[in-house]
Every structure is written in structure tokens, then in C-alpha cells.
Amino acid sequence: MEDNIDQRAIALKYDGENTPTVTAKGANSTAEEIIAIAQQHNIPLYENPELMALLSNLELGEEIPQSLYITIAQIIAFAYYLQGKVPPDQDQACSEASDLLGIKPVTRGSQ
């Protein structure tokens, strides 16, 4: 790694089934490329220096450690929320809850 690090980035992949894994990581110009690719694909970015320090110890392809499951799950859940997504196994539960409560779910573009 470079001695004078101004910026770092780590990309995680989560398929909804398996533990999130590190798919890219780097500093400075590599970090800028990772961020640019994420932005091009409308992937939400999250900045947290302490989490970055922990994830930086992982190798490419390595799963996140169990100690970070809750933290990463909360970040993924918030990213889903920002994108208007619901995890696949929650679609039915949300639909049933809406029916039970007599409410119509609000989707993007409707009011």
C-alpha cells in the first residue's frame, strides 16, 4: 500500500444468501476508482473510519467476520431503504402486514 494515504475504499458484495465478502479495496487512485464505479451503478456509499480500519485487514474474497454482522446488516438495510428495496423474503411479510393493517404501501413516484 502507499505510504501517503489520503483516501481509502472497500467494496463488499452481498447476494442476500451468503456472508458479505470483500470484492475490492484500495487507497488513493484505486479508492477513487472504486467510488466512481459505485456511483456509476447507484450503489450507496457509507463512510466510517473505524469500520474502514477493521475491513482493511481483510483480503479480497474474504467474508466479513462474525463480529461485524450486525453493523454490516444495518448498513445494508439502510442502503436497501434508500433504494426503495425490500429483501426478497420480506415482500410477502410486508404485503401481509399491509393487508392486516388496511394500509396501501407507498411506492416511489406515488403519494
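**Exercise 1. Contacts along the chain**

Find what share of the contacts with a separation of 6 or more comes from residues 24 or more positions apart in this predicted model.

*Solution.* Start with the contacts in the chain that have a separation of 6 or more. Then keep those between residues 24 or more positions apart: they account for 52%.

**Exercise 2. The order of the elements**

Work out how many helices and strands the chain has, and in which order they run.

*Solution.* Count the elements to begin with: there are 4 helices and 2 strands. Next, read from the N terminus on, and the order is β-β-α-α-α-α.

**Exercise 3. A look at N28**

Locate N28, decide whether N28 is buried or exposed, and name the residue whose backbone nitrogen the N28 side chain reaches.

*Solution.* First, the place: N28 sits in the loop that links strand 2 (21-27) to helix 1 (29-40). Second, the cover: buried means under 20% relative accessible area, and N28 has 12% relative accessibility, so N28 counts as buried. Third, the partner: the N28 side chain reaches the backbone nitrogen of D6 at 2.8 Å. For the wider setting, buried residues make up 19% of the 111 residues in the chain.

**Exercise 4. A patch on the surface**

Identify the residues that make the nonpolar surface patch of about 360 Å², then place L82 in its element and classify its accessibility.

*Solution.* Begin with the members of the patch, which are F78, Y81 and L82. Now follow L82, which belongs to helix 3 (residues 69-82). Its relative accessibility is 43%, so L82 counts as partly exposed. Finally, turn to the whole chain: its accessible surface comes to about 8600 Å², with 52% of that belonging to carbon and sulfur atoms.

Technical notes
Residues numbered from 1 in each chain as written. Predicted model: local features only at pLDDT ≥ 70, side-chain atom pairs only at ≥ 80, totals over all residues. Heavy atoms only, no water. Buried < 20%, exposed > 50% of the residue type's maximum accessible area, 1.4 Å probe, protein only. Polar contact = N/O pair within 3.5 Å; in protein donor to acceptor, adjacent residues only side chain to side chain. Patch = residues over 30% accessible without salt bridge, like charges linked within 9 Å, V, L, I, M, F, W, Y side chains within 5 Å. Areas by Shrake-Rupley, 256 points an atom, 1.4 Å probe, with all protein chains shown as cover. Salt bridge = Lys/Arg side-chain N within 4 Å of Asp/Glu carboxyl O. Contact = heavy atoms within 4.5 Å.
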